[in-house]
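Visitor: I am new to this structure and would like to learn how to read it. Could you walk me through it, one feature at a time?

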Amino acid sequence: MSSNLPIGIFDSGVGGLTVMRAIASRLPAESLLYLGDTARVPYGNRSPQTIRRYAVNATTMLRDEGVKAIVVACNTASAYALRALQERYDFPVLGVVDPVARAAAAATATGAIGVIGTRGTVASNCYLDALHALGVSDVIQKACPLFVPLAEEGWTQGEVVDAIARSYLQVFAGTAVDTLILGCTHYPLLADTIGRVFEETAGRSVRVLDSASATAIALSDELETNALGSPEAVGALRFCATDDPAQFAETATRFFGAHLTDVEHVDIRDVSHE
């Protein structure tokens, strides 16, 4: 495996770009290849079997493009497909659940951690299982489905957003939760509002952790362990989408923090039965 190869990153849509942004910031010398499977978004409404099939197909496409490692920048795919991908491929494959779970377990002072995410992620209990494995037994989960469309539309502040956040976060009032995991890659766009409304609702401060930053750190460690760090400061960025590239680029700007140009349209073949 050549250390000159790029790192592949995939998600069902644009949310994973928050992970790519964190990786690009932490590892500026690395070349990154992002795949947004927008023709099949969202994964969260699919069965576990279908999610695994989509994840295998996306990973195979990135492998065929030539990558040295892959980040599954999707909570749902990390929950249902990560282990299958790690068993199938001979290069490092990282998800976004375990890194932030470890960070939260290390950060909490009360031993109580909150998790917010999509319905699919919460239903999978992936964070509950990861935190229990780390010795954290007091975990409160809450699905917050409206946060995704709000983030994609750029509605990150205001009375409407506050009211929705207040409705979701009320579940944490009266608990000992002092650390909150944003279990969806869209949610970092709403982090300031989520943190402020949590404090207003629960009457105390909370540490807000997103999977993007934690995953970037975990990837950095993985590359170092396997001697896969780029020897040259290339830092090339490439973006691909399985549906309309123009629409992807327009929405993606909010998540990546910069205007995207030259988004490529790609098709993914079904290799799950090969």
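**Charged pairs, sheet and cores**

Guide: Let us start with one pair: D64 and R63 join their side chains in a salt bridge, with 3.0 Å from N to O. The term stands for a side-chain nitrogen of Lys or Arg within 4 Å of a carboxyl oxygen of Asp or Glu. The model is predicted, so local features need pLDDT of at least 70 and side-chain atom pairs count only at pLDDT 80 or more, while totals for chains, interfaces and linings use all residues. Residues are numbered from 1 along each chain as its sequence is written, and side-chain values use heavy atoms, with hydrogens and water left out.

Visitor: What lets such side chains pair?

Guide: Side chains of opposite charge can pair when their charged atoms come close. In this structure there are 10 salt bridges. One network of them links R63, D64 and R269.

Visitor: How exposed are D64 and R63?

Guide: Relative accessible area tells us: buried is under 20%, exposed is over 50%, and partly exposed lies in between (1.4 Å probe, protein chains only). D64 has 48% and is partly exposed; R63, at 38%, is partly exposed as well.

Visitor: Which parts of the chain does the salt bridge of R238 and E65 link?

Guide: Helices (H or I, at least four residues) and strands (E, at least two) are DSSP runs, numbered from the N terminus. The side chains of R238 and E65 meet at 2.9 Å, N to O. This pair links distant parts of the chain, as R238 lies in strand β9 (residues 237-241) and E65 in helix α2 (residues 48-65), 173 residues apart.

Visitor: And how far apart in helix α9 are R196 and E200?

Guide: They are four residues apart in helix α9 (residues 191-202), which means a separation of about one helical turn. Their salt bridge spans 3.4 Å from N to O.

Visitor: Now the sheet, please. In what order do the six strands come?

Guide: Two strands pair if DSSP finds at least two bridges between them. Here the order is β4-β3-β1-β2-β9-β10, an open sheet with parallel pairing. At its edges are β4 (93-94) and β10, each pairing on one side only. Helix α1 (residues 17-26) packs on the sheet, where it touches β1 (7-11), β2, β3 (69-72) and β9. Contact here means heavy atoms within 4.5 Å. The direction of helix α1 makes about 175 degrees with that of β2; axes are lines fitted to C-alpha atoms, for helices over the stretch in contact, and angles run from 0 to 180 degrees between N-to-C directions.

Visitor: Which residues stand opposite each other around β9?

Guide: Strand β2 (residues 32-36) runs parallel to β9, joined by five bridges. Y34 stands opposite F239, and G36 opposite A241. On β10 (residues 264-265), which pairs with β9 over two bridges, H265 is the bridge partner of A241.

Visitor: Which residues have the most contacts inside the largest nonpolar core?

Guide: A nonpolar core is a set of buried Ala, Val, Leu, Ile, Met, Phe, Trp, Tyr and Cys residues joined through side-chain atoms within 4.5 Å. The largest one has 54 residues, and L17, I116 and F147 have the most contacts inside it. A second, separate core of 26 residues includes L35, Y43, Y54 and V93.
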